[in-house]
Amino acid sequence: MYESPSIAQSSSLPRAADPPSPLPVPLLLVAALLATLLAGGPLTAQNAADPPVPQEFDWHLEVELPTETDWGTPIQREASEQIRSWTTKPEFISPLVDYLPEGAGVVSPFDHFGQSIGQPGHLHRVDEIYGYYEALAASSDRVNLHTLGLSEEEREFRLLQIGSPENLVRLDRIKEGMNALADPRETSEAEARAWIEELPIIYTVYTGLHSPETAHPEMAMEMAYRLAVAEHPMVRRAMENVVVFLVPVTEPDGRDRMVQWYQRHGEGIYDDADNIPPAPYWGHYAGHDNNRNALQLYLRLSEEMLDLFLEWKHPISLDVHEAGDATSYHYFSTGTGPYNEYIDPITIKEWQWMANYESTALERYGMPGVFTHDFYDGWFPGYLFWITNNRNAIGRFTETWGIFSSLPNTRVREPRPEMRTREWFRPTPAYERAHWSFRNVINYQQSGMLHSFYWASTNREEILEHFWVKSKNSLERGQSEAPFAYVVPRAQERKADAAYMLNLVRKHGIEVHEASEGGQFAGVSVAAGDYVIRMDQPYRDFAHMLMDVQHYPSEGEEVAFIRGGMAWTLPLMHNVAAHPVDDSAVQALAMAEVTTAIVPEGEIRAGDGVDWFAVHPRASAMSLQARFELGDASIHVARGPVTAGGTELGPGAWLVPAAEVERDELEGWARRFGFDLHGLASSAVEGVERSPMPLPRIGFLHTWRETRDSGAVRYALDYLGVPFTMLAETELAGGGDLRDRFDVILFPEQGRNSTGKQIFEGIDDRHGPLSYTQTEEFPAHGIPNSAERITGGMGFEGLQALRDFVEDGGTFITLGSASRLPIEYSLTRNARLFEPEELIIPGSILRGEVTDPSNPLTFGYEGEIPLWHKFGPYIETVGTRTSGTPIRYAGTPDDLFMSGVVVSPGELAGRPAVVDHAMGEGHMVLFGFNPMHRYQPHGNFALVWNAIIHWDALGAP
């Protein structure tokens, strides 16, 4: 029997971690009833079948529920009673959402599902959510429903457009006006003023991005209904001047995964102590980092949301989230700073303007735990909502104290002490303890959002004017402030990588031009055919942000807690040449805008009758794909320099026997990858030391505990069309001889805070086996890998299987924190970890140096390499051993920084970045950083690809 705790702020009440002494059963029943009455909680008796925490509350019985609103709208009584009964206290709901209106023919969620939104223990699948929206759109002239595109697993992204009938019928006109305001080159101030007078606001809302945050896709259905009915005076006013674009399930693959996970494993959990981990995959590739993809754009959801903006140019977006103990009840984003230096100051002020209004509105209702400021910084531009911030619009998010691991059950919760202090940004703190329900989350989210729409409606003209002014400011800065352009030479060491970067820039909506003539500008040479990113365009600030070196403006304590990352400089991330131009005359150079995809152009330098072809991939991020496309041809790699037609190719050139390939196909292959193809006679190859390059069989080792970082690596392999086999940690011990199956095992980053012990242990066995298999009942599970048991980790037998694999001739490659496992568990004795005292590198680009050019890991790199680094791990070799460290960090502390921030660089300078040790017949390659972090540092990819391609020829020749 559950003894209901008091939900007041009294510190004298018993806490969940320190329960009172047990009473005899009869006395326990009396005590429970008395405590319940005193707490104002549920009045219904509990029996053996009831959950240990009440799921329905009766405070609302003392509050009259009228039959209609003050403005004459009938109220759906049963639906409203459910909403109130699932809310745990009256201060956790507002008068905007404590009832459900009758829609006069418009289908409500209660009509459609037979229950209100927010029922404890109930979640809706994607098809059920979309089914409701279809019914809503069919019954209301205020709602349009569209399909945007398909996810990685071919689920639909849907878009609702909600507004007045008058605005919905003129959406094409509204789109024209928004695009006009976004480009002041085409719109005069007078024309902009005319558009501002005419246009409503398009306000875009994303829900369901993070799959374990399950309340907001539910909330959105009820909110959409309220907007469609638009009977409340405030909502009616909002709908006069706002068209809401709602993306109801931004990650549809993950939504179904989490709903089925709850149905399979989560029912009956009412205590944080019994919490189970969320489903291992939040989406097809990325987990939490699907909200860190707005720069690299490798996920379908990011592409779809960006395309939505580029089509409509909506001036506001809101990304709805739920957080655990990092918040109190509800957060409106403003950020603490330091703010991103490339964002227009108007946007920063708009963040404060909106959040202060919204939080004040909820304070007015007496809703506790509402705050701004103290959650996030405002620096990193890769979040989903920065799609709008980066393009002169307003992007923001909210966080509500959510429901753990997608489990929509009411329970007793206690915010962290620092979340309960009274501050200027949190004047009414959260309670020390409270019953917290799924419906509470929905109430806060919906109340804040309805006020946000009202704010946008009330301030329509100012918002639209700011949108145009910010676009104009960006354009004018590009005309008056250096740099005036970035030049990306056509002649590049890594042509395919430069083309990829430029196509990414174009994908972002930034204009790229091709020079028709050459010239000299402030020391920068421009040749005909070079690519020019002009700064005199509306997205100048964003283009500058992407191409510039970042200098985080603080080295204080907050650096260690920065979210997202400090640096994202595209030329350094792709290891390609690009030059800022500080002379405005470059903008007068003859050039034409690039309107189609940029294709790398390799040169064919081979005559007839050659015996060999030589190609140097130059550490291209596409080199692994290039090797696999050549199939089983007996290709070799030159361990020393090769001279071809007067051109010396350094170590790492690929030698392809002419007799084994079709020349036409090889020439096409070289052109596509931007490789220069050289013809060689046999005499030019005879004296060259070389190693074979057999195609490797790749095992992709993953844990069930941490999957978000591995998703980016899987995507890279999928994108390149490279075959691999998923290998779960729980399969290692029983998977037979790994060497019989694989030549290479690749083990991605396991989360920056992960220790070797955590990686080894995996998910705690106390949770039970936790099956993750695809079944008829749970079709979203088992993707991309499946297991009957995902708990228990790899075990010592799994470690032994990895050791045997390497000693028998395999190559084991560990990225970032995954390198802690073989070091901490002594799979290698040639490396150890060191923990710096003051060094802080929270996501920056550092200068690495090739220290052993004879090691195949370094082939294609010369001198320095920009390396992405975020909190280690920090590796050193044992004793005086210097071999096996082909890449180190720059030896001089002042040379270590390239972009972002580095605190106390002297602790890292000169230390190993990559360690390559022979062990038995095989090799262990340990990365002290994550070279494939979120699919961003493309210039580091070839370090991993070299380890894979040259798996049986690593080390010194």
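D497 is buried (under 20% relative accessible area, with a 1.4 Å probe and protein chains only). Yet D497 has no salt bridge (a side-chain nitrogen of Lys or Arg within 4 Å of a carboxyl oxygen of Asp or Glu). The nearest side chain of opposite charge is R494, 5.6 Å away; Lys and Arg count as positive, Asp and Glu as negative, while His and the chain ends are not counted.

This is a predicted model, where local features need pLDDT of at least 70, side-chain atom pairs count only at pLDDT 80 or more, and totals for chains, interfaces and linings use all residues. Residues are numbered from 1 along each chain as its sequence is written, and side-chain values use heavy atoms, without hydrogens and water.

Two residues sit in helices (DSSP runs of H or I, at least four residues, numbered from the N terminus). Their contacts (heavy atoms within 4.5 Å) leave aside neighbours within four places in sequence.

| Residue | Helix | Contacts |
|---|---|---|
| D497 | α16 (residues 495–507) | H574, V576, S620, A621, H938 |
| M449 | α14 (residues 438–458) | V205, M219, M223, L318, V320 |

M449 is buried, because its relative accessible area is 2%. The C-alpha atoms of M449 and I813 are separated by 47 Å. Along the chain, M449 and I813 are 364 residues apart.

Now to the surface. D737, D740, D804, D808 and E921 form a negative patch. Patch members have over 30% relative accessible area and no salt bridge, and like charges are joined within 9 Å. E921 lies in the loop between β36 (912–919) and β37 (922–927). Strands are DSSP runs of E, at least two residues. E921 counts as exposed (over 50%) because its relative accessibility is 65%.

Methods
Patches are made of residues with over 30% relative accessible area and no salt bridge: like charges are joined within 9 Å, nonpolar side chains (Val, Leu, Ile, Met, Phe, Trp, Tyr) within 5 Å. Accessible areas come from the Shrake-Rupley method with a 1.4 Å probe; for residues, only the protein chains shown count as cover. The place of a charge is taken as NZ of Lys, CZ of Arg, CG of Asp or CD of Glu.
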